[in-house]
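These are my notebook entries on a structure that I went through element by element. I begin with the terms and then turn to the sheets, the cores and the helices.

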Amino acid sequence: MISIFKQFEREGILGINRRIGEYILPNNPREFYPLVDDKWKTAELTRQFHVPMPKHYGLIDTFGGIQKTKDLVKDHPGFVVKPANGGMGNGIMVISHSDELENGKVSFHKSDGKVVSEKELNHHISGILSGLYSLDGNSDTCILQERLECHPFFHEISFRGIPDIRVIVYLGYPVMAMLRLPTKESGGRANLHQGALGVGVELTNGTLTHSVCNDKLILIHPDTKQTLSGRVIPHWNDILEMSSRCFDMSGLGYLGVDIVLDEKRGPLLLEMNARPGLGIQIANRMGLLARLKLVEKIRNSADGPKDRVHRILNEL
Ligand SMILES: Nc1ncnc2c1ncn2[C@@H]1O[C@H](COP(=O)(O)OP(=O)(O)O)[C@@H](O)[C@H]1O
Ligand SMILES: [Mg+2]
């Protein structure tokens, strides 16, 4: 199989990355970065804007506080341990259930089937606090988050874990989207760097198109062996509107919005990114630049999230 980078370089997609960088950076004031880089701060922001996010059971911000973990999660046998300032899935541990042992200690079962003791979990949290997984290498805080369940749409196509939908939003207008599906290799996380699958999505209606895994085009999911193209993501319009609202919430002109689908609650915001990757172009076999230019042509500062979605979809 030929390297897809070579193929797309020929088609000019990767060649425009630098220009996109020049285009984007002026639209993201640096003082807003902490709001999206720190998932705890993002959660506070979403509450003000009534954007639903997974629940947070607590925050561990000191080494002395690590011992509170067991108490904070005691009513929640499944939960997720996450660095507040992490990225690319690093440091995320998904606990599917916990068992109380006869000696009063608790053992935690990870979504990949491995079991960790209290001591090992605390050790992992202490690594998070030291900044082992933080984006800037500085000390970090640790979030204890609700563990999400997979929406039925994904049961057949995703290998364990929770898929997410990445939407690139420019000046409040959604311009390109990709579904990311966990694989055996990605250990339940939907991050492309961990080996998850990227699937292009038709922006107008949420239909899946082409799939990419480890920079190679593929036709079926490597683990579930299911064909992906042609399936339609449920709640598509709500996903686009929520992505658009993230512009008003974050003040960032060029934004990657990550959304997960909950069966009962519908779309939930997982995180926002001020420097989203450009791999989305490969999954969509399409460069971003034309869409960015389109937004500049059609944008209307009086538009709210609903109008912005409507306006761009009418143009595509
Ligand atoms: N609450 C959760 N429940 C289940 N899986 C989760 C949860 N949070 C994250 N994940 C999995 O981990 C991946 C990365 O999580 P995310 O919050 O986006 O962190 P990062 O900044 O490291 O990408 C998600 O795409 C999802 O697959
Ligand atoms: Mg993410």
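Entry 1, terms and conventions. I count two strands as paired if DSSP finds at least two bridges between them, and I take helices (H or I, at least four residues) and strands (E, at least two) as DSSP runs, numbered from the N terminus. The model is predicted, so I rely on pLDDT of at least 70 for local features and 80 or more for side-chain atom pairs, while totals for chains, interfaces and linings use all residues. Residues are numbered from 1 along each chain as its sequence is written, chains are lettered from A and ligands numbered from 1 in the order in which they are written, and side-chain values use heavy atoms, with hydrogens and water left out.

Entry 2, strand β12. I looked up the bridge partner of Val167 in β12 and found Val257; six bridges join β7 (residues 164–170) to β12, and the two strands run antiparallel. Val257 also stands opposite Met272 in β13, and β12 pairs with β13 (residues 266–273) over seven bridges, again in the antiparallel sense. The connection from β12 to β13 is a hairpin through three residues, and I noted that Asp262 is opposite Gly266 in β13.

How many residues of β12 (residues 254–262) are buried? I found nine of its nine residues to be buried, where buried means under 20% relative accessible area, exposed over 50% and partly exposed in between, with a 1.4 Å probe and protein chains only. Tyr254, Gly256, Asp258, Val260 and Asp262 point one way from the strand, while Leu255, Val257, Ile259 and Leu261 point the other way.

Entry 3, the seven-stranded sheet. I traced the strand order of this open sheet as β11-β10-β9-β8-β7-β12-β13, with antiparallel pairing. Its edge strands are β11 (216–218) and β13, each of which pairs on one side only. From one strand to the next the twist averages 30°, with axes as lines fitted to C-alpha atoms, for helices over the stretch in contact, and angles from 0 to 180 degrees between N-to-C directions.

I then asked which helices lie on these strands. Helix α8 (residues 236–250) lies across β7, β8, β9 (197–201), β12 and β13, running at about 40° to β13; contact here means heavy atoms within 4.5 Å. Helix α10 (residues 289–298) packs on the sheet and touches β7, β8 and β12, and its direction makes about 145° with that of β8.

Entry 4, the cores. A nonpolar core is a set of buried Ala, Val, Leu, Ile, Met, Phe, Trp, Tyr and Cys residues joined through side-chain atoms within 4.5 Å. In the largest one, of 63 residues, I found that Leu179, Ile233, Trp236 and Leu269 touch the most other members. Strand β8 (residues 173–181) gives the largest share of this core, seven residues. Apart from it lies another core of 17 residues, among them Ile66, Val73, Phe79 and Met93.

Entry 5, helix α11. Which residues of α11 (residues 305–315) are buried? I listed Pro305, Arg308, Val309, Ile312 and Leu313. They lie on the same side of α11 because they cover an arc of only 120° around the axis, the arc being that of the directions from the helix axis to the C-beta atoms. Lys306, His310 and Asn314, on the other side of α11, are exposed. What covers the buried residues of α11 includes β8, α8 and α10.

Entry 6, the six-stranded sheet. I read the order of this second open sheet as β1-β6-β2-β3-β4-β5, with antiparallel pairing. The edge strands, each pairing on one side only, are β1 (56–60) and β5 (115–117). Four bridges join β1 to β6 (residues 142–146), and His56 stands opposite Gln145 in β6. Helix α4 (residues 39–49) lies across β1, β2 (79–83) and β6, running at about 140° to β1.

I also checked Thr69, which lies in helix α5 (residues 69–72). Thr69 counts as buried because its relative accessibility is 1%. Not counting residues up to four places away in sequence, Thr69 touches Ile60, Leu121, Asn122, Ile125 and Leu144.
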